[in-house]
Structure formats: structure tokens, C-alpha cells
Amino acid sequence: MANGSGRPLSPHLQVYKLPLTAVMSITHRITGVGLAVGTLLLVWWLVAAAAGPEAFARAQGFIGSFFGLLLMFGWSAALYYHLCNGIRHLVWDAGKAIELPDAERNNKVVLGATAVLTVLTWIVGLAVW
Amino acid sequence: MASNSKTLRSPLQVARGLGSAKHGTEHWWSQRLTSIALVPLTVWFVFGVIGHLGAGHAEFIAWMRSPFSAVMMVLTAVVTFHHAQSGLQVVIEDYVHAEWQKMALIIGVKFLSFALAAACVLAVVKIFIGA
């Protein structure tokens with residue numbers, strides 16, 4: 001190794017290219033925090049509906065605005081990612097699919113499922129809107 | 001391990017009761033339990049949101065007046081906030097190391113989560129009983 005000691009170095013995070021499994025691991029956490037923040041929108045929606053028609057119209061108006069839709073898109077993608085990767089965590093907890101080839105295949109399964117579910121949701125959503 | 005020859009307590013006796021092996025399993029289990037519950041709840045919620053995009057107030061109220069929808073919405077809110085606060089607790093524990101900051105953040109996140117969950121439940125109950 002590069003330090004001349006012959007001993008392995010731990011990865012230097014600023015120059016070490018993270019493998020996809022590591023990127024997906026931290027993404028699970030980032031989407032989790034993002035979704036927690038996104039629950040504020042859920043609270044607003046429900047409380048506005050309970051408060052009355054004017055408050056509900058304001059909330060629906062915000063959600064239907066460009067910025068609102070952008071937030072909803074990001075939120076839906078994060079939700080599906082966290083859902084799919086969360087199911088993968090449950091599979092790991094059952095002691096299955098822990099070997100590297102399985103992990104690398106399931107990277108693609110989770111990313112593919114997230115993309116398909118997000119796009120499908122928006123096609124259906126915009127069609128019924 | 002350097003053992004003190006002046007004590008009769010075995011190394012196991014010294015170590016017993018130390019460490020964090022008390023509530024860790026409970027926290028881990030509650031995170032898994034809530035995540036399993038959130039799989040069907042999330043699917044229901046996404047379908048519900050899609051079905052009520054741009055819906056008027058009356059349409060939304062009618063949806064929440066159905067006992068099934070009301071129960072599902074209450075469960076979704078409560079389980080989501082329970083899952084969120086337990087996940088955020090782990091994130092805070094991993095990255096915030098000053099004890100008072102860590103405790104303040106964890107307490108703040110838990111209080112806020114349960115307050116927001118209560119607000120959601122009250123909103124659904126208010127709509128359901130038509131108050």
C-alpha cells in the first residue's frame with residue numbers, strides 16, 4: 001500500500017470512489033431525513049382539510065404549483081427509494097442476500113424499481129388529475 | 001486483560017451490567033416493526049393521494065368520513081412519525097457527539113414528531129365526526 005508500511009490503508013474519503021453499495025447506503029439515510037421533513041406537508045394537508053375549505057384550497061393550491069409539484073416529485077422518488085431499499089434491509093435482517101454479487105444485483109433491482117414506480121405513479125397521477 | 005489480584009471479582013462480574021445491551025434490541029425491533037407496517041400503509045397512502053390530486057374540499061372530507069380511510073390515515077400518520085423519530089434518533093446519535101446537543105436534538109425531534117402525529121390524528125378525528 002501507498003504508505004510503504006505494507007499495511008492496508010483505510011479509504012481516504014476525499015479521493016476514494018465510493019462503491020454503489022456505499023452510495024446507496026447513505027442515500028437511504030438521506031432520503032429518510034428528507035421524508036421526515038416532507039411529513040410537514042402531510043400535516044399541513046390534513047390540518048388544512050380539518051380547518052375548512054379555504055385553508056384546504058390554499059394547501060391544494062401550493063401542492064399544485066410548480067414548486068409544490070417539484071417537491072412532490074422529489075418526495076415520491078425519495079419515498080419509493082426508501083420503501084424499496086427498506087424492503088432490502090428487511091431481507092438483510094432475515095440473513096439473506098448478504099454476499100457481494102447479490103448486493104450488486106439488488107442495487108440495480110432497487111434503483112430500477114424506484115425509477116419504474118416513480119414514473120408510473122406520475123403517469124397515473126397526471127392522467128387522473 | 002490486566003486483572004486486579006486484590007479482588008475476588010471475576011472479569012465477567014466486573015463487566016456485567018456495563019455496555020448498552022439494555023434497550024438496543026427494543027429500538028431495533030420497533031424500527032423493523034414500523035417499517036413492515038409502513039409497506040402496505042405507504043402503498044395505500046400513495047394511491048389515496050393520487051386519487052385526490054386537485055380534489056375539492058368536499059371530496060376530501062367524503063374520503064376521510066369512510067371508517068376504513070380514517071383508520072388507515074391515522075395509522076399512516078402515527079406509524080410514520082414513530083418510524084421517523086426512531087430513525088432520526090439514530091442519525092443524531094451517529095453525527096452529533098456533544099452530549100447536550102445530542103440530547104437536545106433527540107428530545108426536540110421526539111417531542112415535535114409526537115406533536116405532529118397528534119395534530120394529524122386530531123385532524124382526521126375532527127373530519128370523521130364532522131365537528
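These are legends for a handful of close-up views of a predicted model.

Before you start, residues are counted from 1 along each chain as its sequence is written, while chains get letters from A and ligands get numbers from 1 in the order they are written. Since the model is predicted, local features need pLDDT of at least 70 and side-chain atom pairs count only at pLDDT 80 or more, but totals for chains, interfaces and linings use all residues.

**View 1. Chain B is built from helices and no strands.**
Chain B has 5 helices and 0 strands, so reading along the sequence gives α-α-α-α-α (helices are DSSP runs of H or I with at least four residues, strands are runs of E with at least two, and both are numbered from the N terminus). Its C-alpha atoms fill a box of roughly 80 × 30 × 25 Å along the principal axes. The radius of gyration of chain B is 22 Å, whereas a compact globule of 131 residues would come in near 14 Å (the radius is taken over C-alpha atoms, and the globule rule is 2.2 Å times the number of residues to the power 0.38). Just 19% of the 131 residues of chain B count as buried (that takes 20 or more other C-beta atoms within 10 Å of a residue's own; 12 or fewer is exposed, in between is partly exposed, and C-beta atoms are placed from the backbone).

**View 2. Here are the stretches of chain B that UniProt calls "transmembrane region".**
The unreviewed UniProt entry lists residues 36-55, 67-84 and 104-129 of chain B (positions follow the numbering used here, feature names are shortened, and annotations may be inferred rather than shown by experiment). Residues 36-55 of chain B are 80% helix and 0% strand, with end C-alpha atoms 30 Å apart. Residues 104-129 of chain B are 100% helix and 0% strand, and there the end C-alpha atoms lie 37 Å apart.

**View 3. Helices α4 and α5 of chain B come within 9 Å.**
The axes of α4 (residues 67-95) and α5 (residues 99-129) of chain B cross at roughly 175 degrees (axes are lines fitted to C-alpha atoms, for helices over the stretch in contact, and angles run from 0 to 180 degrees between N-to-C directions). α4(B) and α5(B) are therefore roughly antiparallel (the label for angles over 145 degrees). Their contact has 19 nonpolar, 3 polar and 3 charged residues (Ala, Val, Leu, Ile, Met, Phe, Trp, Tyr, Cys and Pro count as nonpolar, Asp, Glu, Lys and Arg as charged, and the others, Gly among them, as polar).

**View 4. Leu79(A) sits in helix α3 of chain A.**
Leu79(A) is buried, with 23 other C-beta atoms within 10 Å. Setting aside neighbours within four places in sequence, Leu79(A) is in contact with Leu35(A) and Thr42(B) (contact puts the C-beta atoms, placed from the backbone, within 7 Å). Thr31(A) is 48 residues away from Leu79(A) along the chain, yet their C-alpha atoms are separated by 7.3 Å.

**View 5. Ala97(A) is in the loop between α3 (66-93) and α4 (100-128) of chain A.**
Phi of Ala97(A) is near 60 degrees, a positive value in a residue other than glycine. Ala97(A) is partly exposed, with 14 other C-beta atoms within 10 Å.

**View 6. Glu104(A) lies in helix α4 of chain A.**
Glu104(A) counts as exposed, with 12 C-beta neighbours inside 10 Å. Trp45(A) is 59 residues from Glu104(A) in sequence and 39 Å away in space, C-alpha to C-alpha.

Notes:
Angles under 35 degrees count as roughly parallel, over 145 as roughly antiparallel, 65 to 115 as roughly perpendicular and the rest as oblique. Two residues are in contact if their C-beta atoms, placed from the backbone, lie within 7 Å.
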